[in-house]
Amino acid sequence: MGNARRRLFALTGALALALTTLAAAPAQAAPGIPAVDEVSGTRNIEHLANVPKQAPFDNVDAFGTDIAFTDDHAIVGNYNGFVVYDISKPKKPRIVSQVLCPGSQNDVSVSNDLLFLSTDSSRSDNSCASASQPATEKNSWEGIKIFDISDLANPKYVAAVETKCGSHTHTLVPGKTGRDVYLYVSSYSPRAEFPDCTPPHDLISVVKVPVRNPAAAAVVNEPVLFPDGANPGTPGTFPNPYVTATSGCHDITAYPSKDLAAGACMGDGVLFDISDREHPRVIEQVQDDTNFAFWHSATFNNEGTKVVFTDELGGGGQPACTPAIGAVRGADAIYDIRGRGDHRNLEFASYFKIPREQAPTENCVAHNGSLIPVKGRDIMVQAWYQGGISVWDFTDSAHPKELGYWERGPVSDTELIVGGSWSAYYYNGHIYSSDIQKGLDVFALHDPRTASAKSVRMDELNAQTQGRYRG
């Protein structure tokens, strides 16, 4: 989710937006738009199960966030901590444990017995008992927390690493020797009055975690990404066109086996060489000042020859799937990777956006998704907040098409309450969606075009750490 920071109140702008319901005039839904909580979708996507949020994560401001997978478990972040689900029976998922540890967004990743948690709101200390505290105070804390999850029923806090401007998201990158893992920490929106987050903040933080001694984790590099300048932005506010000025990155997706990473950095899309894990290098930088307001996230195709970037127009808290916004703003952009080595470049191919109008009380925009491992095809499932989940094919970069969808109607038809699917990922034969308000959803995909994906099995999945599958 976007983060127009308001650190004086220890809240991101998107969180501040979401903690209060946004008033909206009652509006008659357009024909074809589901009513409140009404389900709509295509026949090839079957909703198998839902596990509602449980106390202490069952209030409207306890957003369900990102998902990581380990063996037959899904771990879902929440603004109040994280939840571990047993998904060995996809039709009957169950909660194994919940860890109360407030600190937005609490995005998660896993590596064997370690879990990493991003904290991007200013806290009084690095403990799970911390309180909100203004970022203007030097002793405030934000960054990465590390847990031992060898016993998933009883995760144990191990260590924490403070990073500049906190950790809005992080990307796990395995070291080449197996002795270490690295976290590329994305954060942004500095202010002169924040002692630990001052401008220009044109960097990411590289955290090195020794696998056998995770308590020794530390920042080992803060590479400057834009020494020659980044996007200065174009002023404006939703729903009018604007471009967010770059002051860091929102999200990075790594493809370790290809020594590549793609960064969504507010006003810029970038391609990294990560052959030296501690010293990632930008080798390509692109901008789209016509239709992209906020470069949010990235997904490679399996061959590593394309990148899908998302535009989180409105920061994730606005109705960006309406006729007034149109089909190319708040959408995905498909870029083909051309050339070799440091001479690779990103060549724009097309946009993709869900072809369904959403209600004016529904926050809807392109958000987190992952590849569906279909040999020889480029197909992914993606979350669109209250626009639901979409399965779409971008094998033909210039002519992407939707294969199926599933959505609920709005949380409310009288006011905008932030909700819907934050992340939708394919894992071992099923689609899992973290709904901000409704909890964990599980789906089966019945489609001959994706049937071969069921033979691909994984022991672990962090969607921002792509592995190559061979079908």
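Is arginine 449 buried, exposed or partly exposed? Let's start there. Arginine 449 comes out as partly exposed, since its relative accessible area is 45%, and the cut-off for exposed is over 50%. One thing up front, folks: what you have on screen is a predicted model.

So who does arginine 449 pair with? Its salt-bridge partner is aspartate 447, and the closest N and O atoms are 2.7 Å apart. That aspartate sits on the other side of the cut-off: at 8% relative accessibility, aspartate 447 counts as buried.

Okay, on to the other salt bridges. The structure holds 20 of them, and I'll show you two that reach between distant parts of the chain.

Take lysine 138 and aspartate 196. Their side chains form a salt bridge at 2.7 Å, N to O. Those two are 58 residues apart: lysine 138 is in the loop between strand S9 (114-123) and strand S10 (141-148), while aspartate 196 is in the loop between strand S13 (180-186) and strand S14 (205-210). How about accessibility? Lysine 138 is exposed, at 56%, and aspartate 196 is partly exposed, with 23%.

Now the second one: aspartate 259 with arginine 277, where the closest N and O atoms lie 2.9 Å apart. Again this links distant parts of the chain, 18 residues apart. Aspartate 259 is in the loop between strand S16 (251-255) and strand S17 (260-265), and arginine 277 is in the loop between strand S18 (268-273) and strand S19 (281-286). Arginine 277 counts as buried, at 9% relative accessibility. And there's a third player: Lys176, Asp259 and Arg277 are joined into one network by salt bridges that share partners.

Speaking of charged residues that are buried, have a look at glutamate 407. You'll find it in strand S27, residues 401-408, with a relative accessible area of just 2%, so it is buried. What does its side chain do in there? The side chain of glutamate 407 makes a polar contact, 3.4 Å, with the side chain of glutamine 358. Beyond four places in sequence, the contacts of glutamate 407 include Pro34, Glu38, Arg356, Glu362 and Gln386.

Right, the greasy part. In soluble globular proteins, nonpolar side chains tend to be buried together. Here the largest nonpolar core has 20 residues, and the ones with the most contacts inside it are Ile67, Phe69, Tyr85, Ile87, Tyr427 and Tyr432. Strands S3 (45-51), S4 (64-70), S5 (73-78), S6 (81-86), S29 (421-427) and S31 (439-445) each give two or more residues to this core.

Let me zoom in on isoleucine 67. Leaving aside neighbours within four places in sequence, isoleucine 67 is in contact with Ala74, Ile75, Val76 and Val108, among others, and also with Ser423, Tyr425, Tyr432, Ser433 and Ser434. Apart from the largest core lies another one, of 17 residues, among them Ala262, Ala264, Val286 and Phe309.

Last stop, the largest pocket. Its volume is about 630 Å³. Of the 30 residues that line it, Met458, Glu460, Leu461, Asn462 and Thr465 are the closest to its centre. Which strands supply at least two lining residues each? Those are S12 (169-174), S24 (369-372) and S32 (460-462). The largest share, three residues, comes from S32.

That's me done. Thanks, everyone.

Note on methods:
Residues are numbered from 1 along each chain as its sequence is written. This is a predicted model: local features need pLDDT of at least 70, side-chain atom pairs count only at pLDDT 80 or more; totals for chains, interfaces and linings use all residues. Side-chain values use heavy atoms; hydrogens and water are left out. A nonpolar core is a set of buried Ala, Val, Leu, Ile, Met, Phe, Trp, Tyr and Cys residues joined through side-chain atoms within 4.5 Å. Buried means under 20% relative accessible area, exposed over 50%, partly exposed in between (1.4 Å probe, protein chains only). Helices (H or I, at least four residues) and strands (E, at least two) are DSSP runs, numbered from the N terminus. Contact means heavy atoms within 4.5 Å. A polar contact is a pair of N or O atoms within 3.5 Å; within protein, one must be able to donate a hydrogen and the other to accept it, and residues adjacent in sequence count only if both atoms are side-chain atoms. A salt bridge is a side-chain nitrogen of Lys or Arg within 4 Å of a carboxyl oxygen of Asp or Glu. On a 1 Å grid over the protein atoms alone, a cavity is a set of points where a 1.4 Å probe fits but cannot get out, and a pocket is an open set with protein on both sides within 12 Å along at least five of seven lines; lining residues have an atom within 4 Å of a point. Grid points are joined across faces, edges and corners, and a volume is the space filled by probe spheres set on the points.
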